[in-house]
Number of protein chains: 2
Amino acid sequence: MQTTALLAVLAGITCLTLISLAHGRGQNAAPQRGDATIPGYSLGRPDLMRSPVSLEDLAQLEEVLLFGEEDRAALRRSRALLEPRVDEILDVWYGFVGSKPQLLASFSHPETGAPDAAYLDAVRLRFGQWILDTADARHDQAWLDHSHELGRRHHTSAKNRTDGAEAAAIVPLRYLLALNYPISATLRPFLEGEGISAEETERMHRAWIKSVLLQTILWSEPYTQQGTF
Amino acid sequence: MQTTALLAVLAGITCLTLISLAHGRGQNAAPQRGDATIPGYSLGRPDLMRSPVSLEDLAQLEEVLLFGEEDRAALRRSRALLEPRVDEILDVWYGFVGSKPQLLASFSHPETGAPDAAYLDAVRLRFGQWILDTADARHDQAWLDHSHELGRRHHTSAKNRTDGAEAAAIVPLRYLLALNYPISATLRPFLEGEGISAEETERMHRAWIKSVLLQTILWSEPYTQQGTF
C-alpha cells in the first residue's frame with residue numbers, strides 16, 4: 001500500500017519538532033462554519049473579494065469532475081469520522097510537508113531558510129477547519145469567495161499577509177496541485193473504521209479526492225494569465 | 001462504482017457520431033516512441049522549445065507526488081494490458097468529452113459551435129500514442145520538452161496550430177485539470193484482467209493517477225504568470 005509506504009517515510013522524518021511546534025489546536029474546540037474565533041479564518045466574511053468563478057461555472061466544473069449529490073452526501077457522512085481526528089490528520093500532513101524541503105520552503109524565511117513556527121501554527125488552525133468545511137460541502141457563493149481567498153493566500157496576491165509572516169512569497173502552483181495526491185492518499189485510513197464497509201470508505205474517499213481536486217483548481221485561478229482559467 | 005455510473009452516463013450520450021468520426025486509428029499500427037508517422041506528434045523532435053522545468057525540478061515534483069520506481073515499473077507493466085485496447089479507451093474518453101458541451105467546446109468552432117471532425121481525428125491519433133508514452137514512463141529531457149509542447153497546445157500559445165484547426169483558442173485550465181478525475185477513473189477497468197490480482201490493478205492504477213496528475217501539472221506551466229509555476 002502506498003499509504004503504508006508514506007507512513008514509513010513519515011516515521012523517519014527529522015522534522016518532528018515542526019509537529020510539536022504547530023500542534024496548537026485542541027480537539028474539543030472544533031469551530032463551526034464562519035467561526036470568527038480562528039484568527040484569519042475567512043469563510044462567511046462579508047468583506048471578501050468576489051470569486052471570479054460563478055456558481056454556474058462551478059456547476060459545470062463539478063460536472064466534469066463527476067462530482068454530484070452522492071459525493072456531497074458522502075463528504076457529509078465523513079465528518080463524523082474525521083472531526084474527532086483532525087489533529088491526527090494534521091500531524092500526518094504537517095509531517096509530510098516537514099519532510100520535503102521543497103514544501104517546507106513555503107513556510108520558511110526566503111533568506112535564512114528558517115521555518116516560521118508561528119506561521120505554521122496559525123495556518124494549522126485554519127487547516128483543521130478546512131477539513132470540516134470540505135466535509136460540509138456547502139458549495140455556495142460564500143464558499144466560492146472563501147476558496148478564491150484561499151487561492152490568493154497561496155499566491156503572491158495575499159501570501160503571508162493574514163498572519164504577518166515573512167515566509168516565501170508564494171506556494172508554487174506545481175506543488176499546490178501535486179499535493180492532491182499525498183493529501184488524498186493519506187486521508188484514506190481515517191475514512192476506515194468499525195462498522196464502515198470497504199465500499200462506504202471507497203465512496204467517501206472518492207468524494208474527498210474530487211473535492212480536493214476541485215478546490216486546488218479553484219485556488220489556481222490567481223496564478224493564471226487573464227482569460228486562461 | 002463511480003466507473004459504472006460514468007459508463008451508464010456515456011451509454012446515454014447523444015454524440016456517438018463523434019466517436020465514429022474520430023475513430024481513425026488502427027489497433028495494429030501502434031507507433032513507437034518518436035514515431036514520425038503520426039502527424040504533428042512531437043516526442044523526440046529536435047526543434048522543440050526547451051521545457052522551463054528542469055530534470056531536477058521534475059525530480060522534486062515527483063517526490064511530492066510520491067511517484068517513484070515502483071510507479072515507473074507499474075506503468076510499464078500496464079502497457080501490455082492497454083496497448084491492445086487503445087481504441088476502446090479512446091472511445092470512452094472521446095465519449096465523455098462529447099457528452100459535455102463545456103469540454104466539446106475546445107474542439108469546436110468558437111462562433112458556429114460546430115465540432116471539428118478532422119481536428120478530433122488528428123488529436124485522437126496522438127492521444128492514443130500518449131497512452132503508450134505514459135506507460136513507457138521515460139521521464140527524460142525529450143519527454144519534458146514534449147510535455148511542455150503539449151501544454152502549449154492546450155494554451156493559446158499553440159492551440160490549433162499543429163492541425164490548422166479553427167477551434168476555440170484555448171482549453172481552459174480548470175477543465176484541463178478537472179479531467180484528471182474522469183480520465184483516471186475510467187481507465188481502471190482496463191487495468192483489470194484475467195490473472196491480474198486486485199492488488200496489481202491497484203498498483204498500476206495508482207501509478208496512472210500520479211502520472212496523469214504530473215503531466216497535467218507540467219501542461220499548466222504556459223497558463224501561469226511568470227514566476228508562479
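Me: Why is the pair Glu88(A) and Arg85(A) called a salt bridge?

Reply: In this predicted model, the closest N and O atoms of Glu88(A) and Arg85(A) are 3.1 Å apart. A salt bridge asks for a side-chain nitrogen of Lys or Arg within 4 Å of a carboxyl oxygen of Asp or Glu, so the pair qualifies. Side chains of opposite charge can pair when their charged atoms come close.

Me: What makes Glu88(A) and Arg85(A) partly exposed?

Reply: Glu88(A) has a relative accessibility of 35%, and Arg85(A) has a relative accessible area of 29%. Partly exposed lies between under 20% for buried and over 50% for exposed, so both residues fall in that class.

Me: How do you know that Glu88(B) and Arg85(B) form a salt bridge, and how is their accessibility classed?

Reply: The closest N and O atoms of Glu88(B) and Arg85(B) are 3.1 Å apart, and the limit is 4 Å, so the term applies. Glu88(B), at 37% relative accessibility, is partly exposed, and Arg85(B), at 27%, is partly exposed too.

Me: Why does the pair Asp140(B) and Arg138(B) count as a salt bridge?

Reply: The N to O distance between the side chains of Asp140(B) and Arg138(B) is 3.8 Å. That value is within 4 Å, so the pair is counted. Asp140(B) has a relative accessible area of 26% and Arg138(B) is at 42%; both figures lie between the cut-offs of 20% and 50%, so each residue is partly exposed.

Me: What makes Glu70(B), Arg188(B), Glu192(B), Glu202(B) and Arg206(B) one network?

Reply: The salt bridges among Glu70(B), Arg188(B), Glu192(B), Glu202(B) and Arg206(B) share partners, and this joins the residues into one network. Over all chains, the structure holds 45 salt bridges.

Me: How many salt bridges run between chain B and chain A, and what makes Asp57(B) with Arg174(A) a salt bridge?

Reply: The count between chain B and chain A is 4 salt bridges. For Asp57(B) and Arg174(A), the closest N and O atoms are 3.8 Å apart; with a limit of 4 Å, this pair therefore meets the criterion. Polar contacts between chain B and chain A come to 20 residue pairs, both residues at pLDDT 80 or more.

Me: Which elements of chain B touch chain A, and what kinds of residue are on that side?

Reply: The elements of chain B that give two or more residues include helix H1 (2-11), helix H3 (55-64) and helix H11 (198-219). That side of chain B divides into 23 nonpolar, 10 polar and 6 charged residues.

Me: How much area do chain B and chain A bury between them, and which residues of chain B supply most of any three?

Reply: Chain B and chain A bury about 3,800 Å² between them, 62% of it on carbon and sulfur atoms. Val64(B), Arg174(B) and Tyr181(B) supply 19% of the area that chain B buries against chain A, more than any other three residues. The contact takes 39 residues from chain B and 39 residues from chain A.

Me: How do you know that the two copies are related as by a two-fold rotation axis?

Reply: A turn of 180 degrees and a shift of 0.0 Å along the axis lay chain B on chain A with an RMSD of 0.0 Å. The copies are thus related as by a two-fold rotation axis. In chain B, the C-alpha nearest the axis belongs to Thr224(B), 2.2 Å from it.

Me: Why is it said that the copies meet through the same surface?

Reply: Of the interface residues of chain B, 100% are also interface residues in chain A, so the copies meet through the same surface.

Me: Where does Ser157(A) lie, and why is Ser157(A) called partly exposed?

Reply: Ser157(A) lies in the loop between helix H8 (141-154) and helix H9 (173-178) of chain A. Its relative accessible area is 34%, between the cut-offs of 20% and 50%, so the class is partly exposed.

Me: What makes Ser157(A) and His155(A) a polar contact?

Reply: The side chains of Ser157(A) and His155(A) are joined at 2.6 Å, and the limit is 3.5 Å, so the distance criterion is met. Beyond its neighbours within four places in sequence, Ser157(A) is in contact with Arg152(A) and Pro222(A).

Me: How many helices and strands does chain A have, and what share of its residues counts as buried?

Reply: Chain A has 11 helices and 0 strands. Of its 229 residues, 59% count as buried.

How values were computed:
Residues numbered from 1 in each chain as written. Chains lettered and ligands numbered in written order. Predicted model: local features only at pLDDT ≥ 70, side-chain atom pairs only at ≥ 80, totals over all residues. Heavy atoms only, no water. Contact = heavy atoms within 4.5 Å. Buried area = accessible area lost by both parts, 1.4 Å probe. Polar contact = N/O pair within 3.5 Å; in protein donor to acceptor, adjacent residues only side chain to side chain. Helix = DSSP H or I, 4+ residues; strand = E, 2+ residues; numbered from the N terminus. Nonpolar A, V, L, I, M, F, W, Y, C, P; charged D, E, K, R; others polar. Buried < 20%, exposed > 50% of the residue type's maximum accessible area, 1.4 Å probe, protein only. Least-squares fit on C-alpha atoms with pLDDT ≥ 70 in both.
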